[in-house]
Number of protein chains: 2
Amino acid sequence: MTVAIDGFGGDNAPDEVIKGAAAAVAELGVNVVITGDKDVINERFSALKAAKKNIEIYNAEGVIEIGENPLEIRNTKAGTSMGVAFSLVKNGQADAFVSAGSTAALTVGGTMVIGRAKGVKRPALSPIMPSIDGNYILLDGGANLECRAEMLLQFAIMGSVYMEKVGGVKNPRVGLLNVGTEAEKGRDLEKSTFELLKNAPVNFIGNAEARDVPLGICDVVVTDGFTGNIFLKTVEGMGSYMKKSLKSIFMRNALSKAGYLFAKNGVKDVTKKADYREIGGSPLLGTAKPVIKAHGSSDAKAFKNAIRQAKEFSETGAVEIIENKLKQVDFK
Amino acid sequence: MTVAIDGFGGDNAPDEVIKGAAAAVAELGVNVVITGDKDVINERFSALKAAKKNIEIYNAEGVIEIGENPLEIRNTKAGTSMGVAFSLVKNGQADAFVSAGSTAALTVGGTMVIGRAKGVKRPALSPIMPSIDGNYILLDGGANLECRAEMLLQFAIMGSVYMEKVGGVKNPRVGLLNVGTEAEKGRDLEKSTFELLKNAPVNFIGNAEARDVPLGICDVVVTDGFTGNIFLKTVEGMGSYMKKSLKSIFMRNALSKAGYLFAKNGVKDVTKKADYREIGGSPLLGTAKPVIKAHGSSDAKAFKNAIRQAKEFSETGAVEIIENKLKQVDFK
């Protein structure tokens with residue numbers, strides 16, 4: 001089992017990538033291929049005194065930056081650290097892909113270089129988000145801003161398979177993100193999707209209101225990529241809001257400062273748990289091989305966890321299970 | 001200045017409506033008309049020992065419930081407490097409207113019974129939301145699930161006038177809710193709206209990412225009603241999530257329990273401040289007379305504050321200012 005990791009993707013590359021890869025090899029028993037400027041990577045391995053066992057370095061030139069046209073990952077940017085990692089998976093030299101680089105380029109490369117799993121219309125970015133008593137997966141987090149009902153039906157199936165096989169959730173509950181719980185609520189998209197989900201091979205629990213989702217009412221939240229992206233960034237923004245508000249409240253007077261001494265670890269735990277970036281990478285579900293987007297600010301531990309996700313995604317055969325499930329449904 | 005208030009709208013009607021109305025008359029110098037079953041209201045006034053000075057009671061039969069077809073507010077439900085309050089404003093017997101009843105019926109009645117302000121395409125529900133250092137107004141919070149760019153342009157103008165005249169914010173900053181800050185981000189709706197807002201008589205600061213909105217980057221947030229409703233319910237859900245998480249963390253052990261004794265007031269303040277329902281009512285902007293939606297769970301204080309909002313909305317002449325501003329723009 002070999003994971004290709006983009007050595008220069010993310011704010012803390014390549015050092016944290018290297019440390020995370022070394023830890024993953026030691027702890028998870030995987031092989032890793034790191035892509036990027038070979039001289040720099042070798043130099044950093046020495047400087048960091050990181051073990052190179054079961055780690056291969058593949059030379060690549062430059063990085064595709066976040067502002068750049070993501071379509072170029074197939075053309076002028078195919079030789080970058082992300083582009084080469086994609087081609088290693090495409091060519092079978094690696095089984096799964098991890099990068100903390102440009103989300104847009106990762107979506108394009110996953111969809112067009114690695115390619116879609118059989119029967120998949122459009123892959124979806126699928127962040128794992130924290131709820132009160134566990135996690136839920138959100139599809140689509142932003143890969144497809146506008147969607148048809150059939151795409152949302154596929155997202156429901158893909159998310160269910162991932163949560164069951166990789167997340168270990170039995171019979172995951174699927175909710176359709178909507179402005180009310182009643183069946184007739186929402187736009188045409190939600191109304192059509194509701195009808196499709198009623199007859200789909202998933203555990204559909206109906207419409208899910210955004211206010212109930214963080215409280216853990218379902219395991220798979222399905223919506224279009226525009227709404228999903230707004231949802232996940234609102235969750236993120238409210239995490240920051242709470243953190244800042246709590247800090248200013250605790251600094252108000254001597255008594256509250258004293259309280260903070262007792263409470264600060266708890267407060268840190270809560271605000272950290274609310275940060276979906278802490279949970280790990282976001283799979284791009286619907287590609288022919290596992291693709292994991294690690295957060296841009298990933299440290300070594302986050303890279304190790306993203307590699308673990310890629311390994312579990314690959315070893316559970318979730319891609320094939322998704323393909324088989326999709327065959328059961330007659331898509332228009 | 002007379003405010004018509006739906007005596008039987010909301011979870012705590014009519015008692016909290018009555019207490020809130022009496023407090024509003026005493027503190028704000030307004031007259032109030034309460035609609036609903038006259039005998040019941042009179043009986044509750046006596047039981048609550050509430051002052052009736054400058055309060056008139058207008059008989060009405062029944063209530064339009066949240067599940068009912070909101071269009072009936074014009075027909076079979078025109079004689080309910082909400083329907084009669086609308087007609088009082090329509091006929092000039094009152095200057096502004098307040099209800100904690102069905103949001104859908106309030107939107108229909110505001111738009112179709114009271115009617116739209118001159119030049120307005122579609123009124124928008126406009127909740128006032130908490131940010132780190134103040135408030136912002138969100139349009140549309142859910143009145144129009146699907147919108148065209150010209151509607152969003154109007155929302156930007158209406159929200160700016162309200163925040164300036166009623167909110168006291170000088171030159172309010174308008175942000176377009178979007179999945180990224182760059183001008184080319186979003187769906188066709190956001191791209192078209194961006195172009196319109198660049199040339200509009202508002203202080204447009206560009207696209208606003210949902211993660212930055214709670215941190216106070218703008219005073220007016222513009223989006224379609226589906227996205228706006230998802231956004232505001234996510235804010236609400238994350239408030240509940242944080243409250244529950246903090247509570248369970250503080251109950252973890254003796255030390256954290258001790259910390260909670262010092263910190264609990266601060267924590268309560270933060271979670272309460274994050275609850276947009278605490279701020280007051282949501283104006284339905286774009287109607288010919290001020291319409292305020294009080295939250296369903298409003299208590300006397302919340303009703304008093306909603307009446308205050310209605311008074312300020314009316315006395316600042318914000319409706320006429322909106323009409324004049326809209327004349328400056330050439331809408332398609």
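Reader: What makes strand 8 and strand 9 of chain B count as joined, and which way do they run?

Author: Two strands pair if DSSP finds at least two bridges between them. Strand 8 and strand 9 of chain B are joined by six bridges and run parallel, so they meet that rule. One of the bridges has B:Asn178 with B:Glu209, in strand 9, as its partner. Strands here are DSSP runs of E with at least two residues, helices are runs of H or I with at least four residues, and both are numbered from the N terminus.

Reader: And what should I know about the model itself?

Author: It's a predicted model, where local features need pLDDT of at least 70 and side-chain atom pairs count only at pLDDT 80 or more, while totals for chains, interfaces and linings use all residues. Residues are numbered from 1 along each chain as its sequence is written, chains are lettered from A and ligands numbered from 1 in the order in which they are written, and side-chain values use heavy atoms, with hydrogens and water left out.

Reader: Which sheet has strand 8 and strand 9 of chain B in its order, and what makes a strand an edge there?

Author: That's an open sheet of five strands in the order 6-7-10-8-9 of chain B, with mixed pairing. Strand 6 and strand 9 (203-209) each have a single partner strand, so one side of each has no neighbour in the sheet, and that puts them at the edges. Neighbouring strands of this sheet are turned by 30 degrees against each other on average, direction ignored.

Reader: How do you know that helix 5 of chain B packs on that sheet?

Author: By contact, which means heavy atoms within 4.5 Å. Helix 5 of chain B touches strand 6, strand 7 (134-139), strand 8 and strand 10 (220-222), and its direction makes about 150 degrees with that of strand 7. For such angles, axes are lines fitted to C-alpha atoms, for helices over the stretch in contact, and the angle runs from 0 to 180 degrees between N-to-C directions. Helix 7 of chain B lies across strand 6, strand 7 and strand 8, at about 145 degrees to strand 7.

Reader: Where else does helix 5 of chain B lie?

Author: Helix 5 (residues 149-165) also lies across strand 5, strand 11 (282-285) and strand 12 (291-293) of chain B, at about 130 degrees to strand 11. Those three belong to an open sheet of seven strands, ordered 3-2-1-4-12-11-5 with mixed pairing. Its edge strands are strand 3 (55-59) and strand 5 (124-125), as each pairs on one side only. In chain B, strand 1 (residues 2-6) and strand 2 (residues 31-36) pair in the parallel sense over five bridges.

Reader: Why is the link between B:Glu209 and A:Lys233 called a salt bridge?

Author: The name needs a side-chain nitrogen of Lys or Arg within 4 Å of a carboxyl oxygen of Asp or Glu. For B:Glu209 and A:Lys233 the closest N and O atoms are 2.4 Å apart, so the pair passes. B:Lys233 and A:Glu209 also meet in a salt bridge, at 2.5 Å from N to O, and this pair goes from helix 7 of chain B to strand 9 (residues 203-209) of chain A. The rule finds four salt bridges across the interface of the two chains.

Reader: What makes up the side of chain B that touches chain A?

Author: Helix 7 of chain B gives the most, with 20 residues. By class, that side has 25 nonpolar, 13 polar and twelve charged residues. Here Ala, Val, Leu, Ile, Met, Phe, Trp, Tyr, Cys and Pro count as nonpolar, Asp, Glu, Lys and Arg as charged, and the others, Gly among them, as polar. In all, 50 residues of chain B are in contact with 50 residues of chain A.

Reader: What makes A:Asn54 stand out?

Author: A:Asn54 isn't a glycine, yet its phi is positive, about 60 degrees. Most residues other than glycine have a negative phi, and most peptide bonds are trans. A:Asn54 sits in the loop between helix 2 (38-48) and strand 3 (55-59) of chain A. The peptide bond from A:Ala13 to A:Pro14 is cis, with omega near -5 degrees.
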